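Hi everyone, thanks for coming. I'd like to walk you through one protein chain today, so please have a look at the screen.

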Amino acid sequence: MKKNLLSLCLSLALTVGAPLATYADTPANVSVAPAISAATLQSLPWQPLVPPVTQDVQLNNVSSQINQGQIQGAVAAFALPADRGSLEIQLSSLANKNSIYAPSVLVLDEHMRPAAYYPSSYFAYQPPGVMSADRLEGTLKLTPALGQKQIYLLVYTTQQDLAKTTILTNPAKAYAQGVGNAVPDIPDPIASHSTSGTLKLKVTAEQGASNIMIGMLQSAPATPPVVVGATAPAVAAPAPVATAPAEPMLNDTEAYFNNGIKQAVKAGDIDKALKLMNEAEKLGSTTARETFIGSVKGKG
């Protein structure tokens with residue numbers, strides 16, 4: 001088992017620029033998100049969510065409200081840890097008596113700067129099941145940039161969405177489909193969009209090295225995961241030509257990264273060690289990869 005793990009780790013170390021797993025859905029450009037003042041963001045009561053966690057949230061007239069620009073009605077504000085690896089967040093908005101809350105999500109970095117935007121169109125309608133109700137649902141896959149302690153998730157609805165509706169599945173049709181009967185030709189109910197509703201969040205963190213490793217062995221994805229808090233703007237850019245670093249890394253910086261790699265491998269956190277190695281090489285390190293491989297061999 002140790003030999004197999006060692007072989008896998010070494011093959012990963014020798015794969016340059018290998019990406020994470022492919023995600024089918026992508027967020028909108030954050031530049032098109034409705035603007036929210038810094039004062040408004042600072043005044044919100046940010047509820048901490050520590051994964052793994054499932055949270056039900058009732059949005060009503062006593063919930064936090066934002067009525068600013070296009071945003072209108074009750075909102076939900078969450079603070080998530082940014083030092084536990086990649087985060088997977090499944091957000092569901094449940095229908096209730098032909099009414100439903102159409103969510104949009106703005107993700108902010110540690111300094112509350114907009115970093116990713118998921119408009120309401122990202123959250124597709126899902127018909128009811130044996131254990132689930134009609135709902136609008138989507139999954140966010142976020143990779144916080146290194147060095148942050150937490151990121152923020154703001155859920156809200158807009159005036160544009162309040163003017164729209166969602167066609168639900170008639171319960172009789174859902175039952176017929178569930179038991180394999182012929183689906184009756186009857187109209188489906190229409191749910192109006194509301195400023196209140198019920199949200200369900202399921203948050204998990206990919207802390208184990210195995211999750212990241214499997215993804216890194218796949219071919220290059222068409223769309224990478226969203227990096228929250230990255231310093232680069234969220235726009236597509238042509239692939240840079242591989243060139244040698246303009247300046248060599250300082251000895252103190254090189255030692256800092258190498259020591260971090262060794263400590264991460266020693267603690268069994270291969271994912272962290274790989275991230276440190278990649279970051280060091282981006283900064284011009286010529287010994288980080290050798291340190292990683294030597295540390296893994298020593299641990300094996």
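I'll begin with the whole chain, then go through a few buried residues, some aromatic rings, a pocket and some backbone oddities.

Before anything else: what you see is a predicted model. The chain has 300 residues, and 42% of them count as buried. It contains eight helices and 14 strands. Now take contacts between residues at least 6 apart in sequence: 76% of those join residues that are at least 24 apart. As for the outside, the chain exposes about 16,400 Å², and 55% of that comes from carbon and sulfur atoms.

Okay, let's go inside, starting with Phe-78. You'll find Phe-78 in strand E3, which covers residues 76-81. Is Phe-78 buried or exposed? Its relative accessibility is 1%, and anything under 20% counts as buried, so Phe-78 is buried. Which residues does Phe-78 touch, if we skip those up to four places away in sequence? The list is Trp-46, Gln-47, Leu-49, Val-57, Ile-151, Tyr-152, Leu-153, Val-155 and Leu-201. Look at Trp-46 for a second: Phe-78 and Trp-46 are 32 residues apart in sequence, yet their C-alpha atoms sit 4.8 Å apart in space.

Next, strand E6, residues 104-108, where we meet Val-107. Val-107 has 0% relative accessibility, so it counts as buried. Leaving out residues up to four places away in sequence, Val-107 touches several others, including Pro-114, Tyr-118, Leu-140, Ile-151 and Val-228. From Val-107 to Ile-151 you travel 44 residues along the sequence, but C-alpha to C-alpha they are 7.4 Å apart.

Leu-108 is in E6 too. Here as well the relative accessibility is 0%, so Leu-108 counts as buried. Among the residues that Leu-108 touches, again not counting those up to four places away, are Leu-41, Trp-46, Ile-151 and Tyr-152. And between the C-alpha atoms of Leu-108 and Leu-154, which are 46 residues apart along the chain, there are 8.0 Å.

Now the aromatic rings. A pair of rings is described by how far apart the centres are and by the angle between the planes. If ring centres have to lie within 6.5 Å to pair, the count is four aromatic pairs. One of them is Tyr-118 with Tyr-122: the centres are 4.7 Å apart and the planes meet at 75°. Why do we call that pair edge-to-face? Because the planes are at 75°, and edge-to-face means over 60 degrees. Tyr-118 and Tyr-122 are both buried, by the way. Then Tyr-122 pairs with Phe-123, also edge-to-face, with 5.4 Å from centre to centre and 75° between the planes. Phe-123 is buried, just as Tyr-122 is. Put together, ring pairs link Tyr-118, Tyr-122 and Phe-123 into a cluster.

Let's move on to a pocket, the second largest one. Its space comes to about 600 Å³. Its lining has 22 residues, and the ones closest to the centre are Asp-83, Leu-146, Gly-147, Lys-272 and Lys-275. What kinds of residues make up this lining? Seven are nonpolar, six are polar and nine are charged. Strand E9 (135-144), helix H6 (251-266) and helix H7 (270-282) each give at least two residues to the lining. H7 gives the most, with five residues.

Last stop: the backbone. Most residues other than glycine have a negative phi, and most peptide bonds are trans. Here are some places that go the other way.

Pro-51 and Pro-52 are joined by a cis peptide bond, with omega about 0°. Pro-52 sits in the loop between strand E1 (47-48) and strand E2 (53-59).

Then there's Lys-97, which isn't a glycine but has a positive phi of about 55°. Where is Lys-97? It's in the loop between strand E4 (86-94) and strand E5 (99-100). Its relative accessible area is 78%, and the cut-off for exposed is over 50%, so Lys-97 is exposed.

Asn-98, in the loop between E4 and E5, has a positive phi as well, near 60°. With 39% relative accessibility, Asn-98 counts as partly exposed.

That's my tour. Thanks for listening!

How values were computed. Residues numbered from 1 in each chain as written. Predicted model: local features only at pLDDT ≥ 70, side-chain atom pairs only at ≥ 80, totals over all residues. Heavy atoms only, no water. Phe/Tyr/Trp six-rings, centres within 6.5 Å; stacked < 30°, edge-to-face > 60°. Buried < 20%, exposed > 50% of the residue type's maximum accessible area, 1.4 Å probe, protein only. 1 Å grid on protein atoms, 1.4 Å probe; cavity = no way out; pocket = protein on both sides within 12 Å on 5 of 7 lines; lining within 4 Å. Points joined across faces, edges and corners; volume = space filled by probe spheres on them. Helix = DSSP H or I, 4+ residues; strand = E, 2+ residues; numbered from the N terminus. Nonpolar A, V, L, I, M, F, W, Y, C, P; charged D, E, K, R; others polar. Contact = heavy atoms within 4.5 Å. Areas by Shrake-Rupley, 256 points an atom, 1.4 Å probe, with all protein chains shown as cover.
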